[in-house]
Amino acid sequence: MKNHKNRINKLVLTAMMMCMVVVMTMIIRIPVPATQGYIHLGDCMIFFSVLLLGYKWGAAAAGIGSAMADLLAGYAIYAPVTLIVKSLMALIMGLALEYAFKRGFGSKAMKFAEIVSMVISGLIMVSGYYIAESFMYGSFVTPLASIPMNILQFVTGIVLATVLSAALYRTPARNKFTYVITSPARS
């Protein structure tokens with residue numbers, strides 16, 4: 001019974017994080033005219049989803065939430081690409097953290113692993129959109145304009161997710177995170 005209740009809680013939390021990804025993606029959108037795309041704050045919630053839910057549920061929240069935002073914002077052409085790229089982004093981040101967590105990294109090493117995994121997943125996002133846009137626009141030059149904006153987007157997401165998680169780690173909500181060291185650990 002407890003396993004069933006935990007699964008329902010995880011499902012509800014995943015749905016909530018999907019909604020947060022949608023809201024943060026749509027609340028502030030800065031158009032990138034060269035590619036007809038936009039940058040947003042949704043990556044913050046993608047990173048936060050992985051920290052909270054782990055790689056499987058975090059990837060679901062990231063991919064589905066981001067694709068829903070594209071559909072709702074009138075960027076349906078990007079939705080399939082976004083579903084794949086953002087899911088992969090969260091999956092890679094989560095698997096890296098899972099590896100570090102299972103290896104017994106201490107709290108300082110886990111914090112470093114969080115940042116490194118976010119950077120790697122952000123670079124995967126930049127690469128994924130560059131490749132997709134190259135095919136969409138029939139040019140390897142046109143999507144180059146989106147690279148700096150995508151980097152700005154994921155770096156901003158890293159900063160915001162790090163600040164948010166650091167604040168919540170100091171509260172009882174700490175126990176809700178997937179990759180938090182709960183005992184005094186080595187660093």
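Trainee: In which helix is the place of Ser-87?

Mentor: Ser-87 belongs to helix H4, residues 79–102, where a helix is a DSSP run of H or I with at least four residues, numbered from the N terminus. This is a predicted model, in which local features need pLDDT of at least 70 and side-chain atom pairs count only at pLDDT 80 or more, while totals for chains, interfaces and linings use all residues. Residues are numbered from 1 along each chain as its sequence is written, and side-chain values use heavy atoms, with hydrogens and water left out.

Trainee: Which residues does Ser-87 touch, not counting residues up to four places away in sequence?

Mentor: Ser-87 touches Ala-59, Gly-63 and Thr-82, contact meaning heavy atoms within 4.5 Å.

Trainee: Why does the sulfur of Cys-19 form no bond with the closest cysteine sulfur?

Mentor: A disulfide is a pair of cysteine sulfur atoms within 2.5 Å, whereas the sulfur of Cys-19 lies 16 Å from that of Cys-44, its closest, and is therefore too far for a bond; the structure holds 0 disulfides.

Trainee: What makes Cys-44 count as buried or exposed?

Mentor: Buried means under 20% relative accessible area, exposed over 50%, and partly exposed in between, with a 1.4 Å probe and protein chains only, so Cys-44, at 3%, counts as buried, while Cys-19, at 46%, is partly exposed.

Trainee: Why are H1 and H2 called roughly parallel or roughly antiparallel?

Mentor: The axes of H1 (residues 2–27) and H2 (residues 42–53) cross at roughly 165°, and angles under 35 degrees count as roughly parallel, over 145 as roughly antiparallel, 65 to 115 as roughly perpendicular and the rest as oblique, so H1 and H2 are roughly antiparallel.

Note on methods. Helix = DSSP H or I, 4+ residues; strand = E, 2+ residues; numbered from the N terminus. Axes fitted to C-alpha atoms, helices over the stretch in contact; angles between N-to-C directions.
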